[in-house]
Structures are given as C-alpha cells and as structure tokens.
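Subject: Handing over a structure, with notes

Dear colleague,

I am passing on the structure we spoke about, and I would be glad if you could keep it open while you read. My notes come after it.

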Amino acid sequence: MFEKRFKRPSVANGDGLILYCNQYSYYCHKVLQALHEKGIRFTKYDIDVTNDEHFSEWFLELNPRAELPVLQNGLLIVPGSTRILDYLEENYPKHKSLRMPPGTDKQLLQFRQTIESLPIGVITIGSFLHPQHVGSPKFPFVLPVRQTILAREETLSERLRAYATEYPAFAEVLLKKADFHDRKRNIIASEEYFCKLLDALDAFLTGVEQYLATIDIEACWLIGTDTFTMVDISLGTLLHRLYVLGLEDRFWGAPDKGRPNVGRYFTKLCARESFQSVLPSKVSILRTVWINTPPVYKAGLAAVSSVLISSTLLKR
C-alpha cells in the first residue's frame, strides 16, 4: 500500500522562500512563472506525487489538504496558488508587480475569474477517459502515462482511506477527500459532462479571440500595453494545459476554428523567458514518462526517447 516512506526534507528547515510543487501541476505552473517573472529568489522542492509524497505525514503537517502548491517562509505556510500569488504581491512590493492596474477592462477581470473557476482536474482526466474528443496529446501525457494516471485515480479513494488510518490526526480531511473523489469519478466518467465542459471552453475562448482582435498582439499583452500581468499568466497556463492534452486543434489550431489571435497569443507567450523557465527539460520529461510507463510499453518508449535525447544533444 505505502509505496515509499518519506521523511521531512532538510530543505524544509532552510531560510527564505521554499515552494513545494510538482513541475507538471497546472496550479504550480502559475506560481512558478510568477516567481520567475517577479525575480524573487526561492528554493523549489519537487513533491513526488507518483509515490504519494503529498499524502506523507511531513507534508500533511504543512498542508492537511494534501494539495499543491505550498509556499513556506520560515514558520509561515501559505497553501494554494491564489493565496500564494496574493501573498507575493502584498509582501514583495519592491519586485515587479503582476497586478492588473486600476481601470482594467472588466472583461479581463472576468477572464481571470472564469479561468480560476475551471475544473482543470476534471478536464485533464476527462481527456484521458474520452480520447475520441482529443487530438494528439504531448509529453508527458502520452498513452502509457495516461493509463498509469487513470489506474492511480481508480485506487485514490482506497489509498486516502488507508492514509487516514495511518495518520489519524489528518483522518477527517483525508476521508472527506476520499468521499469527494468517489463522487467526482462518476462526473468525470460522463462523456456528456465532458463535452459540456469543452463547449463552455469554446464559448470562453471565442470571447478571448474577440478581445484579442482589439489589441496589437505583437506589441501588447492582454491589458493593451507591454505590461505583463497575472491575467496573462492565467490564460497562458490554461492554453498550455489544453495544448499538452491535445486539445489545441479543437480550440485554435485547426484552420476552421477561426481563432488565429488565440494561436498568435499562445505562440508569443511560449517564447517569454519566465514561461520557458517553468517548462520541464526534455530529460526530466523522459525520466517522468519512463517512471510512469508500464513495462509492456518501455521497449517502444526507449526508441522514442533516443530520438528526443539525440535532438537535445544536437542543439547544444
């Protein structure tokens, strides 16, 4: 049951900002990019979610909800991406601000609120369960990894209840999470519900496309100037998740989608240094895919890996 025992890492006793995160987490991506964009020094500790480190006793002491990201500053613990982003803005005023300025178009404020309310986990797992609605998923969400993630999703409630027994001080929260996961599984399994989510994203991105048509994308970010703000991080992170899930053709990549401005904006965002600094390296991606790939797939994956590694070496 307990695949690996984790001890409190030595980094947790260090000084300065420590971000506990996972490099493939949608919510961690936003915080990591904000930290790089603002130029704030921090230490990153990558949580091994594959082996349930976020359910280990030491991490539950930091955040009993067992969710990422978590920011530590000495004895202060700040959980959750939204709270962390607010904390950074309020407590590091000398660093670059990512706030949207007073008088920002109300539509932009609505964009960010809509993005923050999206059930990203449901969209992600739903794309695995209903691949007929998805194009070509990108690394690390290739078929073997998706199957491994789905298999772990199937046993998550069981594991949470076992951890609740193992760590009685956190039993109440863990058992609530297990019950919530059981209810969520039925929702995610519904193809009809998944299609409704995609339709809602279609409507949202149509609004984004119309807004982008009113600004000079080459010279401006979303607020209409060259100032990069939190709404850019929010939209960019969403578009990147849709891209790696293989949904870009549905929403902006295919010629018949009529959202060329969304595509141009995403291309510009991908080239930004703070965005690039958050993306996992090819070696890191291959390591993650290898760890999460069942043995039956590893022979084929090794061939793909050799091509990617060769291309990486040639570019150096």
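What follows is a description of what was found, beginning with the record and the core and ending with the backbone.

Please bear in mind throughout that this is a predicted model. UniProt, in an unreviewed entry, lists residues 15-96 as "domain: GST N-terminal". In the model that span is 37% helix and 21% strand, and the C-alpha atoms at its two ends lie 22 Å apart.

The interior is perhaps the best place to begin. The largest nonpolar core has 75 residues, and those with the most contacts inside it are Y20, L88, L238 and Y265. Helix α8, which covers residues 191-212, gives the most to this core, with 9 residues. Because domain 1 (15-98) and domain 2 (106-278) both give residues to it, this core lies between the two domains. To follow the packing around one of its residues, you could look at L238, which touches Y26, I115, L118, I120, L201 and F204 when residues up to four places away in sequence are not counted. Apart from this core lies another one, of 12 residues, and L156, L160, A171 and L174 are among them.

The aromatic rings come next, and the structure holds 15 aromatic pairs. One of them is formed by Y87 and Y92, whose rings are edge-to-face, with 6.4 Å from centre to centre and 70 degrees between the planes. Y87 counts as buried because its relative accessibility is 12%, which is under the 20% limit. The rings of Y163 and Y167 also have their centres 6.4 Å apart, but their planes are at 0 degrees, so this pair is stacked. Both partners of the stacked pair are buried, Y163 with a relative accessible area of 3% and Y167 with one of 10%. Elsewhere, ring pairs link Y20, Y45, W58 and F59 into a cluster, and Y20 in this cluster is also one of the residues with the most contacts inside the largest nonpolar core.

Two rings have a charged group over them. K268 lies over the face of W221, at 4.2 Å from the ring centre, while the charged end of R272 sits over the ring of F228, 4.1 Å from its centre.

Finally, some details of the backbone deserve a careful look, and the loop between α2 (57-62) and β3 (70-73) is a convenient starting point, since P69 has its place there. The peptide bond from L68 to P69 is cis, with omega near 0 degrees. A66 has its place in the loop between α2 and β3 as well, and its phi is near 60 degrees, a positive value in a residue other than glycine. At 5% relative accessibility, A66 counts as buried.

A cis peptide bond also joins F139 and P140, where omega is about 5 degrees, and P140 lies in the loop between α5 (120-129) and α6 (143-166). Another positive phi in a residue other than glycine belongs to D52, where the value is near 65 degrees. D52 is found in the loop between β2 (43-46) and α2, and with a relative accessibility of 2% this residue counts as buried.

With kind regards

Note on methods
Residues numbered from 1 in each chain as written. Predicted model: local features only at pLDDT ≥ 70, side-chain atom pairs only at ≥ 80, totals over all residues. Heavy atoms only, no water. Phe/Tyr/Trp six-rings, centres within 6.5 Å; stacked < 30°, edge-to-face > 60°. Buried < 20%, exposed > 50% of the residue type's maximum accessible area, 1.4 Å probe, protein only. Lys NZ or Arg CZ within 6 Å of the ring centre and 35° of its normal. UniProt positions renumbered as here; feature names shortened; annotations may be inferred. Helix = DSSP H or I, 4+ residues; strand = E, 2+ residues; numbered from the N terminus. Core = buried A, V, L, I, M, F, W, Y, C linked by side-chain atoms within 4.5 Å. Domains from an automatic or database assignment. Contact = heavy atoms within 4.5 Å.
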